[in-house]
Amino acid sequence: MEGTPLTVRYFAGARAAVGHAEETIPAGRTLDDLTAELTQRHGDRLAAVLRVASFLVNGVTCHDRQAPLPAGATIDVLPPFAGG
């Protein structure tokens with residue numbers, strides 16, 4: 001797991017579930033790996049949010065959850081937003 005760490009930024013319900021806006025995670029994983037690690041770190045409340053969240057990797061929607069995340073990437077966790 002080499003390379004510049006990943007920055008994970010949390011928004012709305014994800015931020016509330018974690019209790020902070022941002023954290024770093026070692027590089028060398030896929031989005032599926034990352035969500036599993038975040039669930040292990042932060043528990044069921046975040047797991048529920050992650051199941052329905054969208055993810056941006058360096059500002060681009062991530063569609064391939066098995067693709068390796070680039071070292072140094074910023075991953076935004078975006079839960080569904082209410083309103084209209």
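Colleague: Let's start with R15. Which helix does R15 lie in?

Modeller: R15 lies in helix α1. Keep in mind that this is a predicted model.

Colleague: Okay. How accessible is R15, then?

Modeller: R15 counts as partly exposed, at 46% relative accessibility.

Colleague: And what does R15 touch, leaving out residues up to four places away in sequence?

Modeller: With those left out, R15 touches Y10, H20 and A21. There's also a long-range pair here: R15 and L78 are 63 residues apart along the chain, and their C-alpha atoms are separated by 9.4 Å.

Colleague: While we're in that helix, what's up with the phi of A12?

Modeller: The phi of A12 is positive, about 50 degrees, although A12 is not a glycine. A12 lies in α1 and is partly exposed, with 42% relative accessibility.

Colleague: And what about the phi of N58?

Modeller: N58 isn't a glycine either, and has a positive phi of about 50 degrees. N58 sits in the loop between β3 and β4. At 47% relative accessibility, N58 is partly exposed.

Colleague: Let's switch to the sheet. How many strands, and in what order?

Modeller: Five strands make an open sheet, ordered β2-β1-β5-β3-β4, with mixed pairing. The edges are β2, residues 22–25, and β4, residues 60–61, and each of these pairs on one side only.

Colleague: Remind me how strands in a sheet hold on to each other in general, parallel or antiparallel?

Modeller: Strands of a sheet pair through backbone hydrogen bonds, and either direction works.

Colleague: So which way do β1 and β5 run, parallel or antiparallel?

Modeller: Parallel: β1, residues 6–10, is joined to β5, residues 74–78, by four bridges. For a residue to look at, take V8, whose bridge partner in β5 is I75.

Colleague: And β3 with β5, parallel or antiparallel?

Modeller: Antiparallel, again through four bridges, with β3 covering residues 54–57. S54 stands opposite L78 of β5 there.

Colleague: Back to helices. Which residues of α3 are buried?

Modeller: In α3, residues 44–52, the buried ones are L46, A47, V49 and L50. Looking down the axis of α3, these buried residues fall within an arc of 165 degrees, so they line one face of the helix.

Colleague: Why would residues three or four places apart point the same way?

Modeller: Because an α-helix has 3.6 residues a turn.

Colleague: Then which residues are exposed on the other side of α3?

Modeller: D44, R45, R51 and V52.

Colleague: What do the buried residues of α3 pack against?

Modeller: They pack against β1, β3 and β5, and against two helices, α1 (12–18) and α2 (31–42).

Colleague: Tell me about α2 and α3. At what angle do they pack?

Modeller: About 150 degrees, with 7 Å between their axes. The cut-off for roughly antiparallel is over 145, and α2 and α3 therefore count as roughly antiparallel to each other.

Colleague: Which residues meet between α2 and α3?

Modeller: From α2 you have T35, L38, T39 and H42, and from α3 you have D44, L46, A47 and L50.

Colleague: Where does α2 lie relative to the strands?

Modeller: α2 lies across β1, β2, β3 and β5, and runs at about 120 degrees to β2.

Colleague: Zoom in on T35 for me. Is T35 buried or exposed?

Modeller: Buried, with a relative accessible area of 10%. T35 is in helix α2, and apart from residues up to four places away in sequence, T35 touches L50, F55 and R65.

Colleague: Last one: where does T30 lie?

Modeller: In the loop between β2 and α2. T30 counts as buried, at 10% relative accessibility.

Colleague: What does the side chain of T30 reach?

Modeller: The backbone nitrogen of D32, at 3.4 Å. Beyond residues up to four places away in sequence, T30 touches R65, Q66, A67, P68 and L69. R65 is on the contact list of T35 as well.

Conventions. Residues are numbered from 1 along each chain as its sequence is written. This is a predicted model: local features need pLDDT of at least 70, side-chain atom pairs count only at pLDDT 80 or more; totals for chains, interfaces and linings use all residues. Side-chain values use heavy atoms; hydrogens and water are left out. Two strands pair if DSSP finds at least two bridges between them. Buried means under 20% relative accessible area, exposed over 50%, partly exposed in between (1.4 Å probe, protein chains only). The arc is that of the directions from the helix axis to the C-beta atoms. Contact means heavy atoms within 4.5 Å. Axes are lines fitted to C-alpha atoms, for helices over the stretch in contact, and angles run from 0 to 180 degrees between N-to-C directions. A polar contact is a pair of N or O atoms within 3.5 Å; within protein, one must be able to donate a hydrogen and the other to accept it, and residues adjacent in sequence count only if both atoms are side-chain atoms. Angles under 35 degrees count as roughly parallel, over 145 as roughly antiparallel, 65 to 115 as roughly perpendicular and the rest as oblique.
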